[in-house]
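Biologist: I am new to this structure, so please choose one part of it and take me through that part slowly, with enough of the surroundings to place it.

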There are 2 protein chains.
Amino acid sequence: MTAQAPTRPLGPDAGLDQVFELAQQLRVDSVRASTSAGSGHPTSSLSAADLMAVLMTRHLRYDWDEPGNPANDHLVFSKGHASPLLYAMFRAAGVVGEDELLTTYRRFGARLEGHPTPVLPWVDVATGSLGQGIAYAVGIALAGRDLEASPCRVWVLCGDSEMAEGSVWEAFDKAGRHRLANFIAIVDVNRLGQCGPTELGWDTEAYARRVEAFGCRAITVDGHDLEAVDRALTVAADGQGPTAVLARTVKGRGVSEVADQEGWHGKPLPADLADRAVAGLGGVRHLSVRGPRPPDGAPVPRPAAGPVELPRYELGEAVATRSAFGKALAAVGARPEVVVLDAEVGNSTHTQDFEKAYPERYFQTYIAEQQMIAAAVGMAARGHRPYAATFAAFLTRAHDFIRMAAVSRTTMALCGSHCGVEIGADGPSQMGLEDLAMMRAVHGSTVLYPGDATSATALTAAMADLPGISYLRTTRGAYPVLYAPDEVFPVGGSKTPRRGDQDTVTLVGAGVTLHECLAAADLLAADGIHARVVDLYSVKPVDAGTLARAARETGALVVAEDHHPEGGIGEAVQSALMARRLAPALAHLAVTGLPGSGTTAELLDDAGISRTHIAEAARALIQK
Amino acid sequence: MTAQAPTRPLGPDAGLDQVFELAQQLRVDSVRASTSAGSGHPTSSLSAADLMAVLMTRHLRYDWDEPGNPANDHLVFSKGHASPLLYAMFRAAGVVGEDELLTTYRRFGARLEGHPTPVLPWVDVATGSLGQGIAYAVGIALAGRDLEASPCRVWVLCGDSEMAEGSVWEAFDKAGRHRLANFIAIVDVNRLGQCGPTELGWDTEAYARRVEAFGCRAITVDGHDLEAVDRALTVAADGQGPTAVLARTVKGRGVSEVADQEGWHGKPLPADLADRAVAGLGGVRHLSVRGPRPPDGAPVPRPAAGPVELPRYELGEAVATRSAFGKALAAVGARPEVVVLDAEVGNSTHTQDFEKAYPERYFQTYIAEQQMIAAAVGMAARGHRPYAATFAAFLTRAHDFIRMAAVSRTTMALCGSHCGVEIGADGPSQMGLEDLAMMRAVHGSTVLYPGDATSATALTAAMADLPGISYLRTTRGAYPVLYAPDEVFPVGGSKTPRRGDQDTVTLVGAGVTLHECLAAADLLAADGIHARVVDLYSVKPVDAGTLARAARETGALVVAEDHHPEGGIGEAVQSALMARRLAPALAHLAVTGLPGSGTTAELLDDAGISRTHIAEAARALIQK
């Protein structure tokens with residue numbers, strides 16, 4: 001059943017008969033790979049095989065020998081579960097062998113994972129959480145066009161089920177708004193989702209109306225008519241505007257026993273059925289493809305970095321950390337790889353300081369936090385260093401994107417402002433009280449929470465060199481500068497702004513509670529109690545050594561945090577101590593109730609995390 | 001400047017001149033309330049005052065004396081920051097006094113919070129995170145129409161900035177799909193967001209195209225032309241289909257010094273400007289309003305509850321907890337208040353078992369997790385008991401909605417399936433590894449993680465009586481039933497399936513790691529080491545007593561969890577022990593790396609949470 005390898009790879013001049021053969025090969029390989037693995041999504045691959053065969057032969061400008069070529073087009077599988085098809089394409093491109101495809105797909109330790117990730121050099125972003133790939137594609141397209149003047153285009157293959165995700169419409173909205181002519185979505189409208197028919201079935205005109213209403217061009221096409229698909233992709237790539245190709249397809253196309261049938265989502269074909277399918281598809285082929293090459297020409301070089309001159313603050317000066325973040329960000333902008341993204345709160349988070357200095361590297365995504373994070377991930381995939389900021393509370397809107405960014409091995413800096421009850425009158429909807437738990441649990445993350453302008457400045461700058469996803473938590477109100485401008489704040493460190501040989505208790509705070517701890521130490525001092533104060537500006541990694549020393553030397557710790565008790569500073573401290581088998585007397589003060597409105601002082605006190613509560617807790621520990 | 005109180009309240013027959021006076025009163029009160037509070041969003045209130053004056057006088061069918069009347073219309077302020085306007089309406093309705101409005105708004109302990117919450121009897125859901133109110137409204141409308149045959153309508157006031165949120169389009173999509181004729185969105189298109197002009201400015205036609213593309217009717221109107229607004233709302237409420245009234249308005253309307261000016265978002269008017277504004281608006285008024293009453297007639301009574309007959313499982317039988325969840329859910333469906341929501345993975349989470357038994361109480365939101373949670377919140381607001389389920393990983397998509405549901409004091413049950421590396425070949429995009437951290441940090445939540453079918457059954461049933469937001473974590477694979485059918489599983493409890501007087505170590509697991517702990521105990525027993533095993537099926541609240549006893553009696557604990565190390569079971573255990581000043585030798589095994597594909601056994605082992613790793617960790621602790 002094995003055909004002879006052809007003498008030369010299919011190129012852009014290949015006839016559609018040859019493209020058809022390629023499509024059949026992609027189908028055969030999708031079936032074989034998933035059946036051999038015993039899991040996967042062959043039917044979702046079969047529907048899009050014709051689309052991808054035309055794309056890779058005639059339209060995708062890609063140097064398979066040099067995946068890092070910045071002029072390469074991008075191909076994002078937003079429907080990441082169609083990984084058998086993607087990997088079959090890689091086999092056709094000659095970068096993955098037949099053996100690897102058939103014996104390692106979905107196996108332990110293999111790079112051909114169940115859903116694509118950037119462990120593969122031809123994959124820019126991890127997908128598998130639906131509605132995300134298209135949003136990353138917008139970020140890649142923005143970076144390519146607006147930051148690099150690159151000729152690259154971004155092709156993204158979407159499923160029809162994922163059109164129900166709001167994030168998809170945030171993406172089309174931004175593609176339309178920015179007139180991203182280098183952005184082409186191909187929607188595989190195969191009518192069937194995981195559980196049965198999709199909302200809109202084969203109504204490609206309904207999709208077209210939505211796409212057009214969001215400012216993009218829509219082309220409807222029979223996704224199995226190769227000539228029509230070729231024409232559609234030609235128009236889509238004509239540089240005249242962002243486009244969605246809405247392709248009516250048949251799930252399971254080419255395998256009559258499963259085509260257009262319910263109940264076959266995410267199921268490999270049993271071996272006997274797979275054999276019949278492969279035979280029916282004309283057997284195994286060994287076609288290889290070399291489609292269009294990317295345009296020649298050196299990329300526009302990035303301007304040289306200027307000196308980063310960080311602002312300096314006077315001790316005692318009242319400055320909000322969010323303000324210090326904004327000013328530091330503007331300074332860090334001297335590094336040309338730095339880009340900043342806002343979700344229309346830049347005058348609150350203070351990213352507007354960066355916008356004023358570097359408007360060409362500032363991206364307004366409006367109130368669309370998912371797209372803000374996705375655009376950051378896309379820009380990072382092209383080598384930029386994004387900072388994205390909104391209220392800490394509203395970063396939860398993008399939790400799934402942040403989680404997936406870690407799977408994409410993305411390096412980016414996030415900032416959440418307006419944390420905790422400290423914000424006061426606006427009330428609980430605006431209070432970040434879960435963000436530390438969320439961000440600590442992100443794979444490979446760094447979590448920073450400065451208490452003053454000097455540390456906020458240093459940590460904002462440090463984030464530009466941290467790998468992975470780093471998070472800075474900032475505070476709404478202005479508090480005194482505690483540290484001199486030349487103080488250093490290593491990630492994983494802490495400060496001990498107050499200590500003495502006679503300390504009998506340690507007060508651990510960060511952000512606003514650091515100031516409350518310092519005030520509590522004053523209250524305790526008036527009672528003759530010597531309290532140490534630790535500034536835990538690095539929440540992850542946490543300075544276990546300093547905490548352990550404090551536990552040993554003072555025997556009692558009060559940890560106060562403007563956050564819910566779970567997953568935040570208290571638990572970080574407790575696990576650090578427990579890892580060293582230390583069980584000092586410990587009081588963990590956190591926001592356990594549901595706050596309302598009020599002044600900062602009222603709300604801190606009501607939540608039990610104010611100076612008086614900290615001092616009381618310390619006294620109670622010492623008396624025990 | 002204070003006018004006389006009129007002799008009788010404005011009713012539906014009030015002339016538009018009187019409605020105009022009411023609108024001016026709402027403006028004056030919005031200005032006065034926010035200026036007195038020193039914070040708030042007067043300009044965002046001024047733009048919508050005419051819309052709301054027409055609505056409450058002539059269209060909103062609401063019995064202000066009986067907010068619990070199930071025939072009442074609903075009014076949701078999706079633009080929750082316009083709370084001054086909402087509270088001014090409450091004053092006009094006579095349910096909030098002038099004194100309360102002017103002296104308590106945004107103050108500590110007051111019910112007139114910065115953003116509306118259901119501490120007020122006329123508020124159904126908390127808003128303030130944009131793009132959410134409209135999504136809750138869809139759930140309320142669905143419940144009113146499809147579960148209760150209630151004549152109630154749902155009016156939702158949206159801002160134009162929030163139209164950038166994808167969740168808004170999930171909501172319009174569902175309103176359109178379900179032809180929710182009782183759903184009317186009023187969009188206050190005032191052109192200005194927080195930072196400047198919105199994406200679409202005053203292009204109400206562009207909004208109309210989007211709304212219509214998503215299957216709803218669109219009516220564009222001058223939002224300050226009372227007669228036109230009245231006509232628009234009349235058409236919108238004609239019962240012919242879901243409608244959006246797209247009202248072109250002026251931010252700050254009525255106060256010439258701020259009208260249509262940038263830089264006035266979220267800023268109260270200074271006292272002198274407020275005085276001029278009030279004078280310019282014609283001074284303080286004391287109009288009261290009694291608009292249309294809700295239709296008379298008793299609500300359709302809920303059918304009587306049938307007996308809940310839970311499935312029973314044989315000891316040792318291999319059953320997935322997700323399967324047990326589905327079957328238990330179908331049984332719990334005998335309680336007619338239970339409704340179930342799916343995001344098109346019901347054949348994976350097993351909510352399809354409920355669908356088969358009670359299709360009329362099963363809601364398919366397709367792949368739109370935000371809308372799934374929002375619909376659940378909306379249904380809960382009308383007294384139903386929703387269960388909503390998807391993959392644990394994809395619940396992160398709705399984190400902001402879950403967070404806000406707690407502010408809404410919502411009671412609902414969530415289920416996250418496919419947790420952890422246990423799922424195997426699908427890879428990290430599908431693995432819930434952050435869900436425990438997310439759900440533990442939700443205010444007032446309960447977090448449950450059964451290890452077998454019997455406990456999954458009992459806990460699924462228990463959730464129907466738990467207050468607040470409860471979460472059940474289920475596992476993909478089938479594992480042996482450990483408990484007899486009559487075993488009880490109190491929330492906050494634990495089980496100790498293996499214990500003895502000579503135990504020198506305790507192995508703490510839940511879900512799949514419970515089975516690994518049991519197997520590890522066998523391995524250790526072969527070495528003559530007696531290990532206790534604790535099944536921590538209740539992660540929050542956690543059984544601190546049993547853990548403390550285990551720590552005291554065995555001196556060493558291994559905690560193994562299929563989750564990232566932060567915010568999950570390990571930290572719950574550590575904080576429980578630390579609160580009792582216990583520092584046993586403790587090993588915390590969790591998923592620290594970034595997993596790929598593989599078999600369950602391979603991935604558990606690679607993550608260091610398999611039986612062999614647990615046994616090794618136990619041996620190492622004992623040797624210390």
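**One loop, then a helix and its surroundings**

Modeller: His418(B) sits in the loop of chain B that runs between strand S10 (412-417) and helix H17 (435-440), where helices (H or I, at least four residues) and strands (E, at least two) are DSSP runs numbered from the N terminus. This is a predicted model, in which local features need pLDDT of at least 70 and side-chain atom pairs count only at pLDDT 80 or more, while totals for chains, interfaces and linings use all residues. Residues are numbered from 1 along each chain as its sequence is written, chains are lettered from A and ligands numbered from 1 in the order in which they are written, and side-chain values use heavy atoms, with hydrogens and water left out.

The phi angle of His418(B) is near 60°, which is positive although the residue is not glycine. With a relative accessible area of 4%, His418(B) is buried (under 20% relative accessible area; exposed is over 50% and partly exposed lies in between, with a 1.4 Å probe and protein chains only). Glu344(A) also has a phi near 60° without being a glycine; it belongs to the loop between strand S7 (338-342) and helix H12 (346-349) of chain A, and it is buried at 2% relative accessible area.

The part I would study most closely is helix H20 of chain B, residues 544-554, whose buried residues are Ala544(B), Thr546(B), Leu547(B), Ala548(B), Ala550(B), Ala551(B) and Thr554(B). When reading such a list, it helps to recall that an α-helix has 3.6 residues a turn, so residues three or four places apart point the same way. The cover over the buried residues of H20(B) includes S14, strand S15 (505-509), strand S16 (531-535), strand S18 (556-560) and helix H21 (569-579) of chain B. Just after the helix, Gly555(B) takes a positive phi of about 80°.

On the other side, Pro541(B) is found in the loop between strand S17 (538-540) and H20 of chain B, and the peptide bond that joins Lys540(B) to Pro541(B) is cis, with omega about -5°. Chain A has a cis bond from Lys540(A) to Pro541(A) as well, with omega near -5°.

Pro541(B) is also one of the residues in contact with Val491(B), together with Thr446(B), Leu448(B), Leu466(B) and Ser538(B), once neighbours within four places in sequence are left aside; contact means heavy atoms within 4.5 Å. Val491(B) itself occupies the loop between strand S13 (478-480) and strand S14 (495-498) of chain B, and at 31% relative accessibility it counts as partly exposed. Its C-alpha atom is 9.3 Å from that of Met463(B), although the two residues are 28 places apart along the chain.

For the wider setting, a rotation of 180° with 0.0 Å of shift along its axis superposes chain A on chain B with an RMSD of 0.0 Å, by least squares on the C-alpha atoms of residues with pLDDT of at least 70 in both. That is the relation of a two-fold axis. Both copies use the same surface, as 100% of the contact residues of chain A recur in chain B. Chain A holds 23 helices and 19 strands, and 69% of its 624 residues are buried.
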